[in-house]
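Open the model in your viewer, switch to a cartoon view, and let's take a short walk together. Have your selection tool ready.

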Amino acid sequence: DHMAIELVREYLKAYGRDRDIIELDTSSATVELAAQALGTGPERIAKTLSFMGRDHALLVVCAGDCKIDNHKFKETFHVKARMLKADEVEKYTNHAVGGVCPFAVPEETPVYLDVSLKRFPWIYPACGSANSAIKLSNEELQALVPGARWVDVCKI
C-alpha cells in the first residue's frame with residue numbers, strides 16, 4: 001500500500017502536483033468512506049474500476065454514484081464487463097484494491113474517463129492507497145492522465 005502511494009507521488013511530481021495529495025487519517029477504500037473522510041458527497045469520489053478487456057485490462061474512472069451500464073460497456077469496448085479478480089488488480093494497475101487510481105498505471109493499461117464525472121467542478125480520485133485522494137477538476141484529471149479518453153459507459 002505504502003509503495004503504491006510513493007509511485008503515485010513520483011508520478012504526480014512530474015506535473016508539479018505531488019504536494020496536492022491528501023493523506024487521510026481514516027480509510028478511503030470505499031466510496032462511502034472516502035466521501036466521509038473528505039467531507040464531500042459520494043458522487044464526487046472518482047472511483048477507478050478495473051476490467052478485463054479483449055486482450056488486456058482497462059480502467060474506467062467514474063463518479064461514485066454510478067454503476068457500469070453493461071450494454072453501453074459492451075458497445076464501447078466490444079467485450080462483456082468483467083471486473084478483474086482481486087489477485088489480478090495489482091498486476092494490471094500497480095495498485096492494491098482500495099487504492100486503484102488512474103495515476104502511475106502500467107503503460108499498456110488504458111484509462112478511460114466516464115462522462116458521469118463531468119457533472120462536477122471538482123472530483124476526488126484516489127492516489128494509490130486506501131487513505132489518499134487528490135482534488136482535481138476534470139480538465140486537470142485529463143491532463144494528469146495523458147491518453148485517457150472520455151467514454152459513456154455508466155448509469156446513475
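Which residue in S6 does Ile 45 stand opposite? Select Ile 45 and look across: the residue facing it in S6 is Tyr 124. Keep in mind as you go that this is a predicted model.

Now widen the selection to strand S2, residues 45-52. S2 runs parallel to S6, and 2 bridges join them.

Next, bring up the whole sheet. It is an open one with 5 strands, in the order S6-S2-S3-S5-S8, and its pairing is mixed. At its edges lie S6 (124-125) and S8 (149-151), each of which pairs on one side only.

From here, select helix H3, residues 70-77. H3 packs on the sheet, where it touches S2, S3 (57-63), S5 (111-114) and S8. Compare the direction of H3 with that of S3: the two make about 135°.

Stay with S3 and step across to S5. These two strands run parallel and are joined by 3 bridges. Click on Val 61, and you will find Leu 113 of S5 opposite.

Leu 113 is a good place to pause, since you can continue from this residue into S8. There its bridge partner is Trp 150. S5 and S8 also pair in the parallel sense, over 3 bridges.

For the last stop, show the side chains of S5. Are they buried or exposed? Val 111 and Leu 113 on one side are buried, and so are Tyr 112 and Asp 114 on the other, so both faces of S5 are covered. The switching of sides fits a general pattern: in a regular strand, side chains alternate between the two faces of the sheet.

How values were computed: Residues are numbered from 1 along each chain as its sequence is written. This is a predicted model: local features need pLDDT of at least 70, side-chain atom pairs count only at pLDDT 80 or more; totals for chains, interfaces and linings use all residues. Side-chain values use heavy atoms; hydrogens and water are left out. Two strands pair if DSSP finds at least two bridges between them. Helices (H or I, at least four residues) and strands (E, at least two) are DSSP runs, numbered from the N terminus. Contact means heavy atoms within 4.5 Å. Axes are lines fitted to C-alpha atoms, for helices over the stretch in contact, and angles run from 0 to 180 degrees between N-to-C directions. Buried means under 20% relative accessible area, exposed over 50%, partly exposed in between (1.4 Å probe, protein chains only).
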